[in-house]
Amino acid sequence: MDFSLSEEHLMIQQAARDFAQQELLPEVIERDEEQRFPIEQVKKLGELGFMGMMVDPKYNGSGMDTLSYVIAMEELSKIDASASVVVSVNNSLVCYGLETYGTEEQKQKYLTRLASGEVIGAFCLSEPEAGSDATSQKTTAIDKGDHYILNGTKNWITNGNTAEVYLVIAQTDREKGHKGINALIVEKGMEGFEIGPKENKLGIRGSDTHSLIFNDVKVPKTNRIGADGFGFKFAMKTLAGGRIGIAAQALGIAAGAYELALKYSKERKAFGTEISNHQAIAFKLADMHTQIEAARHLVYKAAVDKDNDHNYDLSGAMAKLYASQVAMETTVEAVQIHGGNGFVKDYHVERLMRDAKITQIYEGTSEIQKIVISRSILKD
């Protein structure tokens with residue numbers, strides 16, 4: 001085993017780190033307060049190739065591996081998780097889903113624009129009564145021969161208003177259960193497609209999270225991904241990779257909070273010396289560093305499994321479960337190390353703490369990850 005990064009990976013890490021410092025850090029607090037989507041920053045990420053990192057260059061992608069992607073996600077997430085989640089959804093869910101399971105026509109029409117960052121995408125699975133239980137789809141796609149008629153509501157959709165391309169999971173034949181579900185490509189502007197109000201969230205407040213309403217939306221059958229009834233399997237396979245991206249986001253949030261806490265501990269004095277010299281603080285930093293390093297190895301392992309075409313259901317679930325737990329615990333401790341300063345916005349750690357919580361919820365809650373992990377280890 002070689003735990004060192006290649007020269008190429010180090011270059012990608014530095015490029016993402018520089019972008020985060022130069023483009024994301026300015027006004028990140030203001031964007032959070034105003035719930036402002038980082039539109040200019042996302043455009044620049046597209047221009048630099050971060051929106052289609054793993055997509056084949058023939059579809060305007062960067063042709064990189066999953067490890068490159070998680071390295072970039074970590075660096076971006078250290079500064080602004082609202083921006084990094086846009087990168088995650090566009091790469092892990094939308095681009096991956098289309099490139100892996102879409103037709104050549106779909107790839108030429110949609111993937112080329114998504115991978116270049118010309119437009120961004122959204123993945124639409126969750127509903128008011130179908131979050132963790134993805135089989136309970138109430139959104140319907142009724143087969144009308146050469147098209148489907150789509151009706152229903154999707155909740156908590158990242159990039160809900162700024163996306164142009166939406167991958168929508170809907171029920172076509174309820175009697176078939178999860179085998180009667182399809183995945184459809186829906187375009188913004190289709191008649192009957194409405195976007196609900198923006199959600200007022202605890203964290204990742206710059207991220208564009210909306211409900212979507214479909215009222216008799218006519219979707220051509222050529223926009224179906226895969227064979228009839230493939231939708232649920234498509235969603236599960238796509239989300240398995242998405243977990244790796246969110247695990248990398250959680251890792252970045254934790255690492256960002258740790259770096260701020262470490263720096264602060266060397267500057268802040270109490271009882272005549274820097275607080276890093278007090279064992280109570282030094283031991284917190286030791287625990288944080290150890291847990292982050294363990295999370296990083298889990299995330300990298302899942303990425304390498306995916307790159308090597310190994311089954312990554314287990315490693316991805318473990319990475320997301322543990323990295324999100326570390327993100328939550330590390331950010332809480334970072335606030336504690338900052339004391340009263342940690343409770344105000346100027347020091348960033350309170351925002352990172354709020355951002356950390358969602359990593360335990362979206363793209364499969366921690367409880368769902370434990371189901372995936374336990375099923376995997378018990379069937380062996």
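In the predicted model, the side chains of Asp355 and Arg351 form a salt bridge, with an N to O distance of 4.0 Å. The two residues are four places apart in helix H10, so about one helical turn separates them. Asp355 is classed as buried because its relative accessibility is 1%, and Arg351 is likewise classed as buried because its value is 4%. Elsewhere, Arg17, Glu75, Lys78 and Glu259 are joined into one network by salt bridges that share partners.

In the whole structure, 22 salt bridges are found. One of them pairs Lys109 with Glu187 at 3.6 Å, N to O. This pair connects distant parts of the chain, since Lys109 belongs to helix H6 (residues 104-116) and Glu187 to strand E5 (residues 181-187), 78 residues apart. With a relative accessibility of 43%, Lys109 counts as partly exposed; Glu187, at 26%, also counts as partly exposed. A further salt bridge is formed by Glu118 and Arg113, whose closest N and O atoms lie 3.4 Å apart. Here Glu118 counts as exposed because its relative accessibility is 56%, whereas Arg113, at 31%, counts as partly exposed. In general, side chains of opposite charge can pair when their charged atoms come close.

The largest nonpolar core contains 110 residues, and those with the most contacts inside it are Val70, Leu98, Leu150, Tyr166 and Val186. Helix H7 (residues 231-267) supplies the largest share of this core, 18 residues. When residues up to four places away in sequence are not counted, the contacts of Val186 are Leu150, Glu164, Val165, Tyr166, Val168, Phe193, Phe214 and Val219. In soluble globular proteins, nonpolar side chains tend to be buried together.

A buried polar residue is found in helix H9, namely Ser324. Its relative accessibility is 0%, and Ser324 therefore counts as buried. A polar atom of the Ser324 side chain lies 2.7 Å from the backbone oxygen of Lys320. Apart from neighbours within four places in sequence, Ser324 is in contact with Ala250, Ala319, Thr359, Gln360 and Ser366.

On the surface, Phe343, Val344 and Tyr347 make a nonpolar patch of about 320 Å². Val344 is located in the loop between helix H9 (313-338) and helix H10 (349-358). Val344 counts as partly exposed because its relative accessibility is 39%.

Technical notes: Residues are numbered from 1 along each chain as its sequence is written. This is a predicted model: local features need pLDDT of at least 70, side-chain atom pairs count only at pLDDT 80 or more; totals for chains, interfaces and linings use all residues. Side-chain values use heavy atoms; hydrogens and water are left out. Patches are made of residues with over 30% relative accessible area and no salt bridge: like charges are joined within 9 Å, nonpolar side chains (Val, Leu, Ile, Met, Phe, Trp, Tyr) within 5 Å. Accessible areas come from the Shrake-Rupley method with a 1.4 Å probe; for residues, only the protein chains shown count as cover. Buried means under 20% relative accessible area, exposed over 50%, partly exposed in between (1.4 Å probe, protein chains only). A nonpolar core is a set of buried Ala, Val, Leu, Ile, Met, Phe, Trp, Tyr and Cys residues joined through side-chain atoms within 4.5 Å. Contact means heavy atoms within 4.5 Å. A polar contact is a pair of N or O atoms within 3.5 Å; within protein, one must be able to donate a hydrogen and the other to accept it, and residues adjacent in sequence count only if both atoms are side-chain atoms.
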